[in-house]
Structures are given as structure tokens and as C-alpha cells.
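Work through the exercises below with the structure in view. Try each task before reading its solution.

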Amino acid sequence: MSVTIDWLAFVQVFAAALLGAAAVVTFYALGLRLLVRSGRSPVVSPAAFTDAITVITEKQARRATKQAAKAARKSPLTEGQKRIALLGAYACFALCGLAVIAGILLIVIGH
């Protein structure tokens, strides 16, 4: 009994995984960038975690919220440009989700 490896299939799976991961990371990063440009920077409130995770204090969270609001007021973009950036951010997040769903469907259906 001998085991043979289909190296071409291995390379295809490797390339698909690499491209898929790059697409998800790129669309997510671009979506966050456009979200910030639209004046809606995501500020996450602190949560209580256990063990070695460092959590920001309430004072640091208020400062971050204040800085985000100040940056949104100082934006050189017009309201129309901000709206377009927000739509672009939503489109990037949708493409990110579609890439994940396509990968899952490829695994479930495409084998």
C-alpha cells in the first residue's frame, strides 16, 4: 500500500486559503479605515475580563470617546463624502462577510 500526494491540489488549497485570508483582512481593514473617515470611529466600552487581559479604565474610555468626537468634528470631509465613506465601509464589511461565507460554502459543498 503506497500513499501518494496530489501536490497540485495541495498548492491549489494553499493558494485559495492564502487569498481568502488576505481578502478578509484587507476588506475588514479597509472597512474600518472608511468607518473612521466617515466620522464614526468604533469606541468599545471597557469590559471586565479575567486573568492577563488588560482593560482600560472608565477615565481612559471617556478620553477615547472625547478624542473620537473631536476628530469627527475636525474632519475635512463634506457630509456627502462622509456618507460615501460610510457606504464604502458597509460595502467592505459585506464583502468580508461574503468572503467568509464563500469559504464555508466551498468547504461544505465544493468537496
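A charged patch is made of residues with over 30% relative accessible area and no salt bridge, where like charges are joined within 9 Å. The model used here is predicted.

**Exercise 1.** Find which residues gather in a patch of positive charge on the surface, and check the accessibility of Arg63.

*Solution.* Step 1: Lys and Arg count as positive. Step 2: the residues that gather in the patch are Lys59, Arg62, Arg63 and Lys66. Step 3: Arg63 belongs to helix H2, which covers residues 58-73. Step 4: the relative accessibility of Arg63 is 44%, so this residue counts as partly exposed.

**Exercise 2.** Describe the salt bridge of Lys82 and decide whether each partner is buried or exposed.

*Solution.* Step 1: the structure has one salt bridge. Step 2: Lys82 pairs with Glu79, and their closest N and O atoms are 3.8 Å apart. A salt bridge requires these atoms to be within 4 Å. Step 3: both residues sit in helix H3 (residues 79-108), three residues apart, or about one turn of the helix. Step 4: buried means under 20% relative accessible area and exposed means over 50%. Lys82, at 14%, is therefore buried. Glu79, at 55%, is therefore exposed.

**Exercise 3.** Summarise the chain as a whole: its elements, its buried share and its accessible surface.

*Solution.* Step 1: the chain has three helices and zero strands, in the order α-α-α from the N terminus. Step 2: 11% of its 111 residues count as buried. Step 3: the accessible surface is about 9000 Å², and carbon and sulfur atoms account for 69% of this area.

Key. Residues numbered from 1 in each chain as written. Predicted model: local features only at pLDDT ≥ 70, side-chain atom pairs only at ≥ 80, totals over all residues. Heavy atoms only, no water. Helix = DSSP H or I, 4+ residues; strand = E, 2+ residues; numbered from the N terminus. Buried < 20%, exposed > 50% of the residue type's maximum accessible area, 1.4 Å probe, protein only. Areas by Shrake-Rupley, 256 points an atom, 1.4 Å probe, with all protein chains shown as cover. Patch = residues over 30% accessible without salt bridge, like charges linked within 9 Å, V, L, I, M, F, W, Y side chains within 5 Å. Salt bridge = Lys/Arg side-chain N within 4 Å of Asp/Glu carboxyl O. Charge placed at Lys NZ, Arg CZ, Asp CG, Glu CD.
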